[in-house]
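Thanks for making time this morning. I would like to walk you through one model, beginning with a sheet, then a helix beside it, and then the core.

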Amino acid sequence: MGLGHLWAGRAFGTNIGNLFVKLEGDDRALTGTLHFNEQGVGLVVYAVGGAFDGRRLTLSGKPQTKIEGLTFGDLKTDAALNPKGNLEGQWETEIGSAGTFVLFPHDASQPAASGSEATPDQLHTARHHFGAIGIDRQQLTTLAETIQRDFRSAQVVVTVVAGTEQSRFLNDFKSLNLSTEQATAVKLFVQEPDRGNVNKVVSVELGPQVNTVMTQGADEAWVLGELELLKQTLRNLEHTYTTNFKRLGFGINQLLFVGAIIFIPSLGNLRDRAVLMIGVLVLVYIVNWLHGRFLPFAAIYLGKRPPSFVARATPTVVSWLISATAGIVATLLAAYLQGMLSGWIPK
């Protein structure tokens, strides 16, 4: 079967933008036009010609668009047809610009794929929720670059919420000068076509209410593998708050309750037991309120320089101080109710 004549996709490299290619003629003598909509420049049209040998497509072209103050050199491309039916390759011009591109077939007359490529057995989705996280701009960029490695035809979009909400492609975010040093929330999102007419997706959300990662696609192995990769990266950025010992599955609140239950039989009457349990409930409420009010669930630093070790460690230290104080108060209350402090405080 001959090469399709309508293709759309995206170019990367020194110039980034959307592509549309329309070809005519026999595979050995193709002619047509290439439309390139470059970010910040506009639409540039090339007259192209080349050949397809059954696996590789080579094209050369001359720019037909003229824009005052800009120069467009003659174009050369070389692409290979991958197992999914998409064209992936490299491009360059005589003025030195170069990069990679991907094209997807858009011929309405082409028959739909059959077998396992037509419809996936299942759309697989995996999620993971993290505890409190502290992340600086360099770590955020590294995380986005880790995601970008598995996506060739789409760029990661970085959305930052800091007073206003700004969304940028990863390449633009790297050079973006932000007026604020800290964000309240950030989101990384990317998707591109996968087999079976579905998209593969990665979404990372960090904010005051939730820190979560979601991966989705037709390939279960890729979905689970990508999730594990991101989990390993973000686990190193988690804060150890005493309200949730992540590895053990409990926190200071559970410890206060267990301690109260163990101590209750040593109290002689119902009133003292009620006072102890009410006191523990009040302490649990205060611990949760202090964590929610003063310790961020997502500390996102946007400054050029990452925060110091002291700044990164402060939330964890404060959390332990709050919990240690609650533990001491609960112990003193239990001792008072048992009469151990009668020499200092009359019961």
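Before I point at anything, a word on terms: two strands are said to pair if DSSP finds at least two bridges between them, and the strands (E, at least two residues) and helices (H or I, at least four residues) are themselves DSSP runs, numbered from the N terminus. Please keep in mind that this is a predicted model, in which local features need pLDDT of at least 70 and side-chain atom pairs count only at pLDDT 80 or more, while totals for chains, interfaces and linings use all residues. Residues are numbered from 1 along each chain as its sequence is written, and side-chain values use heavy atoms, with hydrogens and water left out.

With that said, β10 and β17 pair in the parallel sense over four bridges, and within that pairing D136 has Y301 of β17 as its bridge partner. These two strands belong to an open sheet of three, in the order β10-β17-β13 and with mixed pairing, where β10 and β13 (182-183) are the edge strands, each pairing on one side only.

D136 has a further part to play, in that it caps the N-terminal end of α1, with a side-chain oxygen 3.0 Å from the backbone nitrogen of Q138. The helix α1 has twelve residues and reaches 16 Å from its first C-alpha to its last, close to the 16 Å expected at 1.5 Å a residue, where the expected span is 1.5 Å times one less than the number of residues. Its buried residues are R137, L140, T141, L143, A144, T146, I147 and Q148, buried meaning under 20% relative accessible area, exposed over 50%, and partly exposed in between, with a 1.4 Å probe and protein chains only. Those buried residues pack against β10, α2, β14, β15, α3 and β17.

And what about Q139, which lies in α1: is it buried or partly exposed? Q139 is partly exposed, with a relative accessible area of 27%, and it touches G134 and L237 if we leave out residues up to four places away in sequence, contact here meaning heavy atoms within 4.5 Å. Q139 and I300 are 161 residues apart in sequence, and yet 9.9 Å apart in space, C-alpha to C-alpha.

Turning to the core, by which I mean a set of buried Ala, Val, Leu, Ile, Met, Phe, Trp, Tyr and Cys residues joined through side-chain atoms within 4.5 Å, the largest nonpolar one has 34 residues, and I147, L188 and V204 have the most contacts inside it. Among the elements that give two or more residues to this core are β10 (133-136), α1 (137-148), β15 (199-206) and β17 (298-301), although α3 gives the most, with five residues. If you look at V204, you will find that, not counting residues up to four places away in sequence, it touches L143, I147, V186, K187, L188, T212, V213, L230 and L234. There is also a second, separate core of 22 residues, which includes W7, L19, V21 and L59.

Finally, a hairpin: β11 and β12 form one with one residue between them, and G163 in the turn has a positive phi of about 85 degrees. The two strands pair in the antiparallel sense over six bridges, with T159 standing opposite S167 in β12.

Note on methods
Polar contact = N/O pair within 3.5 Å; in protein donor to acceptor, adjacent residues only side chain to side chain.
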